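Here is my note on the model, in numbered points. Please keep the structure open beside it as you read.

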Amino acid sequence: LHHHYRRCRQNPQFPIFNPRLFSSSPGPPSSDAELRKYIGYTLLVLGSAAATYYSFPFSENARDKKAQLFRYAPLPDDLHTVSNWSGTHEVRTRTFLQPESIEELEGIVKEANVRKHKIRPVRSGLSPNGIGLTRAGMVNLALMDKVLSVDKEKKRVTVQAGIRVQQLVDEIKEFGITLQNFASIREQQIGGIVQVGAHGTGARLPPIDEQVISMKLVTPAKGTIEISKEKDLELFYLARCGLGGLGVVAEVTLQCVERQELVEHTFLSNMKDIKKNHKKFLSENKHVKYLYIPYTDAVVVVTCNPMSKRKGPPKDKPKYTTEEALQHVRDLYLESLTKYRGQVTDSGSPDEPEIVELSFTELRDKLLAMDPLNKEHVIKVNKAEAEYWRKSEGYRVGWSDEILGFDCGGHQWVSETCFPAGTLSKPSMKDLEYIEELMQLIEKESVPAPAPIEQRWTASGKSRMSPAYSLADDDIFSWVGIIMYLPTMDTRQRRQITEEFFHYRHMTQAQLWGHYSAFEHWAKIEVPKDKEELAALQARLKKKFPVDSYNQARKELDPNRILSNNMLEKLFPSSEAV
């Protein structure tokens, strides 16, 4: 319309309103003046109508045609849309570079530094907060995904940083080695998973960045540098969990472990029994995690331990089949379809025949999508989940990379905090107190909180920017994640869920974080929009982490901040900016 208006002004055949035609100069008597004025208005309206008609000619059958939605012009071919996996953060950029070698990467970084053009390192885009995203420009190492060398004797592997976890594990298993621990999924690039302080679970096992023996960083100011404990202890511990701000991680050498089969044991417990056995669970299991189900007393316990060569695999057989475990969830799905959509046919089966093909997490997503913010509906779904886990109790045997994963479900908002939980020899029990307060908060505030609330543990790490940093080897840390799913692509509904989630998160922050010295996972922290909240967060981060040292290293290695983005600048403003 704006374009058409400009066209009209340049074309004399279109009458244009001119205020000077209606002056306040003396004229005929008032009655005649009034009459002439209204005749003039009438002619103006008729003239405008005629101009509009002939400017926008319609075909004879136009009134029989359906209205068409306005269609936006297609995006330019060189504009890339990049989003994280949950679709909660998205940017469009004209600079999205994918080098195929370290030499090509060095050239990209050098040129960008000369031009002062941002190229933020972005990996697999799996971080819930989109920590690697920026509109100004990004560099992605997906094409640098090779295993460079394997030292079978020392159980070490050197890889290009763009290799994904699953690909790495598949390529080194022939050497009888694997990674020490895993996060919930396997799609992360190695360069990303170590930079954000990602973790698995096991009170004797540190976060994943602790497996890094050395790294090659491509830096804007100093070119490619190789860092390790032996070469530069301080920089190594600072850059190992460097959030992509000190250089583009191009190569990584990892300390691996012997590949082994694990026995996974899943069973349903409750808070009373958890309190009684918690210390034993932490000390006697290589891997352990709890899955809490809000508005129920159910706690799913999952332990994983190396299979005994003497005893072999467990002989116990599951009491229920997968079909039986899913039946209660399917029944609730059919019942909910009838209530919310009336989509049940005469035969009693839903309009969606693939119900028998849906996994538990897919069924949960579909159930929650019907009424995601209705507390009573969410409670029904949670109770169905508790029943599913009760009937899923049993053992599973497999290699560590197969067993230690977890189906996190679909699109979601998540906030995960890390806080100290005593030592392995003497747990403080603060981790269980945190959960009890969280559950009380959920019920008191009637939060439509879905399951699970996941709790995991790690040993301490030496990376200075890790939330689990500690100089004491025996210290343990608990990680607790709250969640709200985004089971629909409806914009309005996603916005409502987002608002509810951030209200939920804000309440946990206000009531729990300060008291338990809890800090959010770097890949899940969200930058506050409120200036006072942002200032409070900056001050809090400065007390926990060596922010001044980190900013000094950024100044030396990336003086033009080409590897930075809005998130890093907000979280770690330079002293000059402050």
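**Notes on the predicted model**

1. Start with Leu 243. At 4% relative accessibility, Leu 243 counts as buried (buried means under 20% relative accessible area, exposed over 50%, and partly exposed in between, with a 1.4 Å probe and protein chains only). Leu 243 is not a glycine, yet its phi is positive, at about 60°. Look for Leu 243 in the loop between helix 6 (233-239) and strand 11. Helices (H or I, at least four residues) and strands (E, at least two) are DSSP runs, numbered from the N terminus.

2. A word on the basis. This is a predicted model, in which local features need pLDDT of at least 70 and side-chain atom pairs count only at pLDDT 80 or more, while totals for chains, interfaces and linings use all residues. Residues are numbered from 1 along each chain as its sequence is written, and side-chain values use heavy atoms, with hydrogens and water left out.

3. Now the whole chain. The chain holds 16 helices and 20 strands. It has 578 residues, and 48% of them count as buried. The accessible surface comes to about 29,900 Å², by the Shrake-Rupley method with a 1.4 Å probe, where only the protein chains shown count as cover for residues. Carbon and sulfur atoms own 51% of that surface. Take the contacts (heavy atoms within 4.5 Å) with a separation of 6 or more. Of these, 71% join residues 24 or more positions apart.

4. Next, the eight-stranded sheet. This sheet is open, its pairing is antiparallel, and its order is 16-13-15-14-18-19-17-20. Strand 16 (394-399) and strand 20 (519-520) stand at the edges with a single partner strand each, so one side of each has no neighbour in the sheet. Two strands pair if DSSP finds at least two bridges between them. Strand 14 (residues 287-292) and strand 15 (residues 298-306) are antiparallel partners over six bridges. One of the positions to check is Val 288, whose bridge partner in strand 15 is Thr 303.

5. Which strands does helix 10 touch? Helix 10 (residues 375-390) packs on the sheet against strand 13 (261-270), strand 14 and strand 15. Its direction makes about 130° with that of strand 13. Axes here are lines fitted to C-alpha atoms, for helices over the stretch in contact, and angles run from 0 to 180 degrees between N-to-C directions. Helix 12 (residues 430-444) lies across strand 14, strand 17 (412-423), strand 18 (453-459) and strand 19 (475-485). Helix 12 runs at about 160° to strand 18.

6. Two loops deserve a look. Tyr 295 sits in the loop between strand 14 and strand 15. Its phi is near 70°, a positive value in a residue other than glycine. Tyr 295 is buried, at 16% relative accessible area. Pro 452 lies in the loop between helix 12 and strand 18. A cis peptide bond joins Ala 451 to Pro 452, with omega at about -5°.

7. Helix 3 (residues 102-115) is a good teaching case. It has 14 residues, so at 1.5 Å a residue it should span 20 Å, and its end C-alpha atoms are indeed 20 Å apart. The expected span is 1.5 Å times one less than the number of residues. Its buried residues include Ile 102, Leu 105, Ile 108 and Val 109. Seen down the axis, the buried residues fall within an arc of 125°, so they line one face of helix 3. That arc is taken from the directions from the helix axis to the C-beta atoms. An α-helix has 3.6 residues a turn, so residues three or four places apart point the same way. The face turned away carries the exposed residues Glu 103, Lys 110, Val 114 and Arg 115. Just after helix 3, Lys 116 takes a positive phi of about 55°.

8. What do the buried residues of helix 3 pack against? Their partners are strand 3 (96-97), strand 5 (138-139), strand 9 (212-219), strand 10 (223-228) and strand 11 (248-255). In strand 9, six of the eight residues are buried. Strand 9 pairs with strand 11 in the antiparallel sense over six bridges, and Lys 216 has Glu 251 as its bridge partner there. Strand 9 and strand 10 form a hairpin with three residues between them. Ser 214 stands opposite Ser 228 in strand 10.

9. Finish at Thr 508, in helix 13 (residues 491-516). Thr 508 is buried, with a relative accessible area of 3%. Leaving aside residues up to four places away in sequence, Thr 508 touches Leu 438, Leu 441, Ile 482 and Trp 513.
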